[in-house]
Amino acid sequence: MDIGSLRTLNAARKNRQAAVLVTDMDAGGSRVILEGEVVAGSLGDHVAAAFRSGKAAAVDVAGRNLFLNVYLPPPRIVVIGAVHISQALARLAPIAGYDLAIIDPRTAFATPERFADVELTADWPEDVLTARPLDAYSALVAVTHDPKIDDFPIADALHKGCFYVGALGSRKTHAKRVARLQEQGLSDAAIARIAAPIGLDIGAATPQEIAVAILAQIVQAYRRRDIVTTE
Amino acid sequence: MSDLDPLDPLQIAEEWRTQGRSVAIATVIDTWGSAPRAAGSHLVIDENGNFEGSVSGGCVEGAVIAEAQEVIGSGEPKMLEFGVADETAWRVGLSCGGTIRVYVERLG
């Protein structure tokens, strides 16, 4: 690989653009293909399959020995609520390789002091998620258990096909939430995708342990999701 | 724009090359049986043997780093194979019983 290709590849990865790197293992050349680019012939079929599966593979194209490496955007966790659980989750997520952003319109909670080095926006989810929309590589974690703040992003995440949607709250709180989402016209199948009570059942008791349970559930949802297809 | 992990091997390779260091990139091409790192995983190495990333669970990195020095010197890529069936496995094989192929190339 030459440094030019590497710079292109790294820039795409920083921009959350999916990319395939094609390396000719006999001749030594390489080429970066961004998602959406048109690639002709059987190489195009292999590249499309690589984007879909997210799996790297060696392929034979017209007698050439090629390696297709796939770089999908890192899954991004969007947390609604700058609460104690979010402080722990913000520290855990980067270790697991997940991007993380926190949104909370309550300025008493969303302070830089409580969230050093975290992408934090003290604004309403309606506004923030319009500027930077959720996508299939996003996980939505709603932890304010205030309907005014949580309901919009939960519904939005279900519409956008986020690979994970989790919501904090007791069974009673969640039952009321389900009723409100049904009133908004969301299907039972969509609502059933919400992980509630949030987090894998590991008996988590402290905010830090609950953050571990949530992150583990996000990893499970990501690794077991349907193969990502591009639209 | 989001930042990549500070330990991201390809980001580190770009930084090293930009600083003028000679760099090799090792990539897992295939795995058979039990193997700790999936195809596509990277280990990057500079001319002084500094490295980041991994191609196994620490079983064969030493051998890859040594081969990378030759690749940096010659500019010729190499395909390495490690596994229990390989004679070298007794020295630097995969204790998990799998086989992997690793492609090592110089970053131009």
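Let us begin where the two chains meet: the contact takes 21 residues from chain B and 21 residues from chain A. On the side of chain B that touches chain A, the elements giving two or more residues are α1 (9–18), β1 and β5 (99–106) of chain B. Of these, α1(B) gives the most, with 5 residues. What is the make-up by class of the side of chain B that touches chain A? That side has 11 nonpolar, 5 polar and 5 charged residues. I should state at once that this is a predicted model, and that the values I present are computed from it.

Allow me to turn to chain B itself. Chain B has 3 helices and 5 strands, and along the sequence they follow the pattern α-β-β-β-α-β-α-β. Of its 108 residues, buried residues make up 41%. If we take the contacts in chain B between residues at least 6 apart in sequence, 52% join residues at least 24 apart.

There is also a record to mention for this chain. In an unreviewed entry, UniProt carries the annotation "domain: XdhC- CoxI" for residues 16–83 of chain B. Over that span, chain B is 25% helix and 35% strand, and the end C-alpha atoms are 31 Å apart.

I now come to the nonpolar cores. In soluble globular proteins, nonpolar side chains tend to be buried together. In this model, the largest nonpolar core has 47 residues. Which residues have the most contacts inside it? They are A:V20 and A:L68 from chain A, together with B:A24, B:A26, B:V64, B:V102 and B:V104 from chain B. Strand β1 of chain B, residues 23–32, gives the most to this core, with 6 residues. Strand β1 of chain B is also among the elements already named on the side that touches chain A.

Let us look at one member of that core in detail. Leaving aside residues up to four places away in sequence, B:V104 touches B:A24, B:A26 and B:V64, and its other contacts include B:E67, B:A68 and B:V71. B:P77, B:K78 and B:L80 are also among the residues that B:V104 touches. A second, separate core has 46 residues, and it includes A:L89, A:I149, A:I154 and A:Y164.

Chain A is our next subject. Chain A has 8 helices and 10 strands, and its C-alpha atoms fill a box of roughly 60 × 40 × 35 Å along the principal axes. Buried residues make up 39% of its 231 residues. For contacts in chain A with a separation of 6 or more, residues 24 or more positions apart account for 57%.

How is chain A divided by the domain assignment? The assignment gives domain 1, residues 3–71, and domain 2, residues 76–223. The C-alpha centres of these two domains of chain A lie 33 Å apart. From UniProt, again in an unreviewed entry, comes the listing "domain: XdhC Rossmann" for residues 77–218 of chain A. That span is 44% helix and 16% strand, and its end C-alpha atoms lie 9 Å apart.

I close with one helix of chain A, α6, at residues 171–183. What span should its 13 residues have at 1.5 Å a residue? The expected value is 18 Å, and the end C-alpha atoms of α6(A) are 18 Å apart, so the two agree. After α6(A) comes A:G185, whose phi is positive, near 95 degrees.

Notes. Residues numbered from 1 in each chain as written. Chains lettered and ligands numbered in written order. Predicted model: local features only at pLDDT ≥ 70, side-chain atom pairs only at ≥ 80, totals over all residues. UniProt positions renumbered as here; feature names shortened; annotations may be inferred. Helix = DSSP H or I, 4+ residues; strand = E, 2+ residues; numbered from the N terminus. Core = buried A, V, L, I, M, F, W, Y, C linked by C-beta atoms within 7 Å. Buried ≥ 20, exposed ≤ 12 C-beta atoms within 10 Å, placed from the backbone. Contact = placed C-beta atoms within 7 Å. Nonpolar A, V, L, I, M, F, W, Y, C, P; charged D, E, K, R; others polar. Expected span 1.5 Å × (residues − 1). Domains from an automatic or database assignment.
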